[in-house]
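Reader: I am new to this structure and would like to learn how to read it. Could you walk me through it, one feature at a time?

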Amino acid sequence: MENTARKKIIFSGIQPTGIMTLGNYLGAIKNWTLLQEEYHCCYSIVNQHAITVRQDPKALRENTLAAYALILACGIDPEKSIAFIQSHVSAHAELSWALSCYTQFGELSRMTQFKDKSAKHPENVNAGLFTYPVLMAADILLYQADLVPVGIDQKQHLELARNIAQRFNGIYGNVFTVPDGYIPKAAAKVMSLQDPTKKMSKSDDNPKSFIGILDQPSTIIKKFKSAVTDSETCVCYREGKDGINNLMSIYSAVTGKDYDAIAAEFEGKGYGDFKVAVGEAVVEELRPIRERYEQLMQDKAYLESCYRAGAEKASSIAGRTLEKVYKKIGFLPK
Ligand code: TYM
């Protein structure tokens, strides 16, 4: 019998707000590249999300192009996947408005990221920061995505997107696919190298706390060597060993080895050897990405042709969903 099962759809996005970290790569983008072999994938540089925090216009433009080049350098193939820039597809902002009327104030108030970010930028607690998860729901629902590959920090936002989809479907019938998260087993939350109880983040004031995807090999090794661990000597995954657990999960995500295999490999060796091994594995993982990125940034015309084509394909899919939504809501057709 013919297999008529629909190929699953994937959507994910990343903000173009400066240096991409090893956390972004292992938590999300590495999976984006693996998934594109089997599924219909749409990946977006979400510059509209980025303006919830004040951005320098020139830097935002440059960072958007750099982030686009970087996802291609990581292995996103614009022939296989739809790779585009969010602001080039107007349906995102449009659906976001409609969905905001189906999202409760209380739901948005509970978002931990909103609480964290408004505490960090008390001078600019803007409405966009508050409604950010609605735009994220619009991103996902426009493409009828089945799966959303993200790190664990996005789980709450994803849960909200599911709730909005279910609520809308409950009123108007099956309009949206209800998406599931796709969270990696290892490295779903890469932690800071200096404070392993905190998420690795590019906005950390201490550059030693994060690995940038484009960091030089010597910098990467140096940062791993100075990673905070504990006063024991055992390379084993155990509660309370946050620093070692973090290094083990990074090593596991990069090499594919499980925790038992890693513990066996480093039995009787000190933390020093382990840190260098993790550093070297990360250097080798990131080396081809950095080289490809440098080549791509030399060819702006190619990047432009890719993101234009991506926006065209994305607009056509997103436009169909938006039209359906407008019809259901009762907007008079143009
Ligand atoms: P952003 O730009 O902060 O991060 C992009 C992706 O990287 C993951 N990530 C991590 N994973 C593991 N360890 C870490 N330390 C780490 N830091 C970041 C994030 O989980 C994310 O998957 N709101 C999103 C962007 C977005 C989006 C979407 C994602 C907008 N619309 C629709 C999915 C679907 C964000 O700010 O990610």
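Author: Gladly. Let us start with one residue: Tyr68 lies in helix H3, which spans residues 57–73. Keep in mind as we go that this is a predicted model.

Reader: Is Tyr68 buried or exposed?

Author: The general idea is to look at the relative accessible area, where under 20% means buried. Tyr68 has a relative accessibility of 0%, so this residue counts as buried. You can also compare sequence with space: Tyr68 and Ile45 are 23 residues apart along the chain, while their C-alpha atoms are 6.5 Å apart.

Reader: Let me try another helix. Where is Glu284 found?

Author: Glu284 is in helix H12, residues 271–297. Its relative accessible area is 47%, so Glu284 is partly exposed. From Glu284 to Lys80 there are 204 residues in sequence, and 25 Å in space from C-alpha to C-alpha.

Reader: And what about Glu285: which helix is Glu285 found in, and is Glu285 buried or exposed?

Author: Glu285 also belongs to helix H12. With a relative accessible area of 17%, Glu285 is buried. Its side chain has a partner too: a polar contact of 2.9 Å joins Glu285 to the side chain of Lys30.

Reader: Now the cysteines, please. How many disulfides does a search of the whole structure find?

Author: To count as a disulfide, two cysteine sulfur atoms must lie within 2.5 Å. Searching the whole structure turns up 1 disulfide. Cys234 and Cys236 form this bond, with 2.3 Å between their sulfur atoms. The two partners can be read separately: Cys234 is partly exposed because its relative accessibility is 33%, whereas Cys236, at 15%, is buried.

Reader: Why is the sulfur of Cys42 too far from the closest cysteine sulfur for a bond?

Author: The closest cysteine sulfur to that of Cys42 belongs to Cys41, and the gap is 7.5 Å, so the two are too far apart for a bond. Cys42 is buried, with a relative accessible area of 4%. Cys74 can be read in the same way.

Reader: Which cysteine sulfur is closest to that of Cys74?

Author: For Cys74, the closest one is again in Cys41, but it is 14 Å away, so no bond is possible at that distance. Cys74 counts as buried because its relative accessibility is 10%.

Reader: Next, the rings. How many aromatic pairs does a search of the whole structure find?

Author: The idea is to look at two things, the distance between ring centres and the angle between the planes. The search gives 16 aromatic pairs. One of them is Phe11 with Tyr143, which is stacked: the centres are 5.2 Å apart and the planes differ by 15°. This pair links distant parts of the chain, 132 residues apart, with Phe11 in strand E1 (residues 9–14) and Tyr143 in the loop between helix H7 (127–142) and strand E4 (147–149). Phe11 and Tyr143 are both buried.

Reader: What kind of pair do Tyr102 and Phe168 form?

Author: Tyr102 and Phe168 are edge-to-face, at 5.0 Å centre to centre and 65° between the planes. They too join distant parts of the chain, 66 residues apart: Tyr102 sits in the loop between helix H4 (91–100) and helix H5 (105–109), and Phe168 in helix H8 (residues 155–172). Tyr102 counts as buried because its relative accessibility is 14%, and Phe168 is buried as well, at 0%. Ring pairs also link Tyr102 and Phe168 with Tyr172 and Phe176 into a cluster.

Reader: What sits over the ring of Phe210?

Author: That is the charged end of Lys223, 5.1 Å from the centre of the Phe210 ring.

Reader: Last of all, the ligand. How many residues surround the ligand, and which are the closest?

Author: The ligand is surrounded by 26 residues, the closest being Gln15, Tyr132, Asp139, Asp153 and Val190. E1, helix H1 (22–35) and H7 each contribute at least two residues to this shell. For the polar atoms, look first at oxygen: a ligand oxygen lies 2.8 Å from a backbone N or O atom of Gly151, and an oxygen of the ligand is 2.4 Å from an N or O atom in the Asp153 side chain. A nitrogen atom of the ligand lies 3.1 Å from a polar side-chain atom of Gln154. On its own the ligand has 710 Å² of accessible area, and the protein covers 97% of it.

Terms used
Residues are numbered from 1 along each chain as its sequence is written. This is a predicted model: local features need pLDDT of at least 70, side-chain atom pairs count only at pLDDT 80 or more; totals for chains, interfaces and linings use all residues. Side-chain values use heavy atoms; hydrogens and water are left out. Buried means under 20% relative accessible area, exposed over 50%, partly exposed in between (1.4 Å probe, protein chains only). Rings of Phe, Tyr and Trp (its six-membered ring) pair if their centres lie within 6.5 Å; planes under 30 degrees apart count as stacked, over 60 as edge-to-face and the rest as tilted. Helices (H or I, at least four residues) and strands (E, at least two) are DSSP runs, numbered from the N terminus. A charge sits over a ring if NZ of Lys or CZ of Arg is within 6 Å of the ring centre and within 35 degrees of the ring normal. A residue is near a molecule or strand if one of its heavy atoms lies within 4 Å of it. A polar contact is a pair of N or O atoms within 3.5 Å; within protein, one must be able to donate a hydrogen and the other to accept it, and residues adjacent in sequence count only if both atoms are side-chain atoms. Accessible areas come from the Shrake-Rupley method with a 1.4 Å probe; for residues, only the protein chains shown count as cover.
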